[in-house]
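Welcome, and please bring up the model in your viewer. We will go from one selection to the next, with a short note on what to find at each stop.

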Amino acid sequence: MENEFVRCPNCGSIKNVIGFQDGYGSVQANNALTFKSQRLYHIFCLDCGTLIRSFVKNPEKLVLNK
């Protein structure tokens, strides 16, 4: 995944980087019957440290198929 150069709402910089949480920091649906989880990505501003955006790449995988 490439960096998404978006403008920081705090300082206006476009210098940012994507990081991620995995393992215990992953996201899963609020349903005890599913073990599906997704890596949680964050876009941070490199100038002021503001968290610009958090997201999962495939949110549809969090839904339990019936």
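Start by selecting β4 and β5: the two strands run antiparallel and are joined by four bridges. Strands here are DSSP runs (E, at least two residues), numbered from the N terminus, and helices would be H or I runs of at least four. Two strands count as paired if DSSP finds at least two bridges between them.

Before going further, a word on the ground rules. This is a predicted model, in which local features need pLDDT of at least 70 and side-chain atom pairs count only at pLDDT 80 or more, while totals for chains, interfaces and linings use all residues. Residues are numbered from 1 along each chain as its sequence is written, and side-chain values use heavy atoms, with hydrogens and water left out.

**Stop 1: the β4–β5 hairpin**

Stay with this pair and pick Y41, which stands opposite F55 in β5. Next, move to the turn, where five residues lie between the strands of the hairpin and G49 takes a positive phi near 85°. Is G49 buried or exposed, or something in between? It is partly exposed, with a relative accessible area of 48%; buried means under 20%, exposed over 50%, and partly exposed in between (1.4 Å probe, protein chains only). Now add N10 to the selection: G49 and N10 are 39 residues apart in sequence, and their C-alpha atoms are 9.4 Å apart in space.

**Stop 2: the sheet**

Add β1 to what you have selected. Which strands pair with β4 in the sheet? The order is β1-β4-β5, an open sheet of three strands with antiparallel pairing. β1 and β5 stand at the edges with a single partner strand each, so one side of each is left without a neighbour in the sheet. From one strand to the next, the twist averages 20°; it rests on axes that are lines fitted to C-alpha atoms, with angles running from 0 to 180 degrees between N-to-C directions.

Zoom in on the pairing of β1 with β4, which is antiparallel and spans six bridges. Two places to check are I18, opposite I43 in β4, and Q21, opposite L40 in β4. Then select β4 alone (residues 40–45): this strand is mostly covered, with five of its six residues buried.

**Stop 3: N16 and S13**

Show side chains for N16, which lies in strand β1. N16 is buried, with a relative accessible area of 2%. Its side chain reaches the backbone oxygen of V6 at 2.9 Å.

Step back to S13, in the segment before β1 (16–21). S13 is buried too, with a relative accessible area of 10%. What does the side chain of S13 make a polar contact with? The partner is the side chain of D47, at 2.6 Å. A polar contact is a pair of N or O atoms within 3.5 Å; within protein, one must be able to donate a hydrogen and the other to accept it, and residues adjacent in sequence count only if both atoms are side-chain atoms. Leaving out residues up to four places away in sequence, S13 touches V6, R7, C8, C45 and D47, where contact means heavy atoms within 4.5 Å.

**Stop 4: after the last strand**

Select K61, found in the segment after β5 (51–55). K61 is partly exposed, with a relative accessible area of 46%. Add Q38 as well: K61 and Q38 are 23 residues apart in sequence and 7.7 Å apart in space, C-alpha to C-alpha.

**Stop 5: the whole chain**

Zoom out. The protein chain has zero helices and five strands, and buried residues make up 23% of its 66 residues. Among contacts with a separation of 6 or more, 44% are between residues 24 or more positions apart. The chain exposes about 4900 Å², of which carbon and sulfur atoms supply 53%; areas come from the Shrake-Rupley method with a 1.4 Å probe.

Finally, colour by pLDDT, the predictor's confidence in each residue from 0 to 100. The mean for the protein chain is 79, and 70% of its residues reach 70 or more. Among the elements, β5 has the highest mean pLDDT (93) and β2 (residues 27–28) the lowest (64).
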